[in-house]
Amino acid sequence: MNKTLIAALAAAAATMALGAWADTVTPSQADAQKTPANGDYKSSKAQAKADFNQNKHDCKQTTRGAVERACKKDAKAQEAQDKADAPLDYKVDKHDIKANTK
């Protein structure tokens, strides 16, 4: 939760600080900027899944029994957090693009 809140506040502060000097873009340029933002969103979700699989594998290799189950549970919780952060980052990107559109 704290990581998400910090990221959102940092993005908002950066938007406000740079908003006065930001160049506006045309709607077609905004559409072109949304494509990489969407790609970043999808890659963030895929990275979360890959990290989960790697962490789960590490848990199997290094621990046994109850510690292994706890390790896997922590890996699953981290994946959920990373996947929850991805849409927030995407929304911030879309908002920034929309704010800079004429």
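Q: How many residues apart do E79 and K76 lie in helix 3?
A: This is a predicted model, in which local features need pLDDT of at least 70 and side-chain atom pairs count only at pLDDT 80 or more, while totals for chains, interfaces and linings use all residues. Residues are numbered from 1 along each chain as its sequence is written, and side-chain values use heavy atoms, with hydrogens and water left out. Helices (DSSP runs of H or I, at least four residues) and strands (runs of E, at least two) are numbered from the N terminus. Within helix 3, E79 and K76 are about one turn of the helix from each other, a spacing in sequence of 3 residues.

Q: What do the side chains of E79 and K76 meet in?
A: An α-helix has 3.6 residues a turn, so residues three or four places apart point the same way. The term that applies to this pair requires a side-chain nitrogen of Lys or Arg within 4 Å of a carboxyl oxygen of Asp or Glu. At 3.4 Å, N to O, E79 and K76 meet in a salt bridge.

Q: Which residues are linked with E79 in a network of salt bridges?
A: Let's go around E79. K83, 4 residues away in helix 3 and so about one helical turn off, meets E79 at 3.4 Å, N to O. K49 bridges to E79 with the closest N and O atoms 3.9 Å apart, and this pair links helix 2 to helix 3 across 30 residues. Together with K76, the partners of E79 in the network are K49, K76 and K83.

Q: Is E79 buried or exposed?
A: Buried means under 20% relative accessible area, exposed over 50%, and partly exposed in between (1.4 Å probe, protein chains only). K49 at 35% is partly exposed, as are K76 at 46% and K83 at 32%. E79 has a relative accessibility of 4%, so E79 counts as buried.

Q: Which residue does a disulfide join to C59?
A: A disulfide is a pair of cysteine sulfur atoms within 2.5 Å, and by this rule the count comes to 1. Here the S to S distance is 1.9 Å, and the partner of C59 is C71.

Q: Why does the disulfide of C59 tie together parts that are apart in sequence, and how many residues apart are they?
A: C59 is buried at 1% relative accessibility, whereas C71 is partly exposed at 26%. The torsion about their S-S bond is about -65°, so the disulfide is left-handed. Because C59 lies in helix 2 (residues 27–62) and C71 in helix 3 (residues 65–99), the parts tied together have a separation in sequence of 12 residues.
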